[in-house]
Every structure is written in C-alpha cells, then in structure tokens.
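Dear colleague,

I am passing on the structure we discussed, and I would be glad if you could open it alongside this message. My notes follow it.

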Amino acid sequence: MAGALGERQIAAHVGALVAIDLASGATTVLASGYDFYNTPRPSPDGLRLAWLSWRHPNMPWDSTELWVADVDPSGLPTNARPVAGGPG
C-alpha cells in the first residue's frame, strides 16, 4: 500500500476502523463511534481514505453512510465527513 498509509493493513472491526502495523501487529483506531465499519479503501494516491459505516439495529442496506477522510503525513485520517447515505 503506497502513500502515507505505509506498511499498514487497514481492517474493519466491529465498533472501530483500525490500521494494523504488519511488522509489529500494533493497532491504531482510525474511526470509531458507529457499530459497524466495512470496506475501507485508500485512494490511489494514498491521500484519502473511504469507508462504509452504520449503526445497530440497522442493516447495511437500510442505513449505510459513505465516509471520506483526508490522510495526514503520519497516516491518520483527518477531516472525516459523510458524503453519501444516512438514516433509512
């Protein structure tokens, strides 16, 4: 994975979006506050990160939000904002 994200794998975990350092296994929370996170994707240039999120008891097809954040030089998301979706 290129760009500021470096040698980290991005994974969705129930309750948080986390980055996992592939060398050490250390985790960094990138986003939290929703019950579910899914399909995180860095932009081709590594400057933005997008993901889907939704809250229980909703199902993803009922009430999903698409979020985008800028990625700062340390690899952390900043200026996260919803760009599509919302309450069903």
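Which residues does Ser53 touch, not counting residues up to four places away in sequence? They are Tyr34, Phe36, Tyr37, Ser63, Thr64, Glu65 and Trp67, and since several of these names return below, I have built my notes around them. Please keep in mind throughout that this is a predicted model.

On confidence, the protein averages a pLDDT of 85, and 83% of the residues score at least 70. Among the elements, strand S6 (residues 65–71) has the highest mean pLDDT, at 97, whereas strand S1 (residues 8–13) has the lowest, at 56, and I would ask you to read that strand with this value in mind.

As to the overall build, the protein has 7 strands and 0 helices, so that its elements, followed from the N terminus, run β-β-β-β-β-β-β. Of its 88 residues, 32% count as buried, and the protein exposes about 5,100 Å², of which carbon and sulfur atoms supply 58%. Among contacts with a separation of 6 or more, residues 24 or more positions apart account for 22%.

To return to Ser53, this residue is found in strand S5 (residues 48–54), and it counts as buried because its relative accessibility is 0%, where the cut-off is under 20%. Its side chain is joined to that of Trp67 by a polar contact of 3.0 Å.

Trp67 leads on to the aromatic residues, for which the count comes to 4 aromatic pairs. One of them is formed by Tyr34 and Trp67, whose ring centres lie 5.8 Å apart with 75° between the planes, an edge-to-face arrangement. This pair links distant parts of the chain, given that Tyr34 is in the loop between strand S3 (27–32) and S4 while Trp67 is in strand S6, 33 residues apart. Both Tyr34 and Trp67 are buried.

Another pair is made by Phe36 and Trp54, and it is stacked because the ring planes stand at 20°, under the 30 degrees required, with the centres 5.5 Å apart. This pair, too, links distant parts of the chain, with Phe36 in strand S4 and Trp54 in strand S5, 18 residues apart. The two partners are not equally covered: Trp54 counts as buried at 9% relative accessibility, whereas Phe36 is partly exposed, with a relative accessible area of 27%.

Beyond the pairs, Tyr34, Tyr37, Trp51 and Trp67 form one aromatic cluster, and the charged end of Arg55 sits over the ring of Tyr34, 3.8 Å from its centre.

Tyr37, a member of that cluster, lies in strand S4 (residues 36–42) and is buried, with a relative accessible area of 6%. What does the side chain of Tyr37 reach at 3.2 Å? It reaches the backbone oxygen of Ser32, and a polar atom of this Tyr37 side chain also lies 3.1 Å from the backbone nitrogen of Tyr34. Finally, Tyr37 and Ala16 are 21 residues apart in sequence, yet their C-alpha atoms are 6.5 Å apart in space.

If you look at one place in the model, I would suggest Ser53 and the side chain of Trp67, which are joined by the polar contact described above.

With best wishes

Methods
Residues numbered from 1 in each chain as written. Predicted model: local features only at pLDDT ≥ 70, side-chain atom pairs only at ≥ 80, totals over all residues. Heavy atoms only, no water. Helix = DSSP H or I, 4+ residues; strand = E, 2+ residues; numbered from the N terminus. Buried < 20%, exposed > 50% of the residue type's maximum accessible area, 1.4 Å probe, protein only. Polar contact = N/O pair within 3.5 Å; in protein donor to acceptor, adjacent residues only side chain to side chain. Contact = heavy atoms within 4.5 Å. pLDDT = per-residue confidence, 0-100. Areas by Shrake-Rupley, 256 points an atom, 1.4 Å probe, with all protein chains shown as cover. Phe/Tyr/Trp six-rings, centres within 6.5 Å; stacked < 30°, edge-to-face > 60°. Lys NZ or Arg CZ within 6 Å of the ring centre and 35° of its normal.
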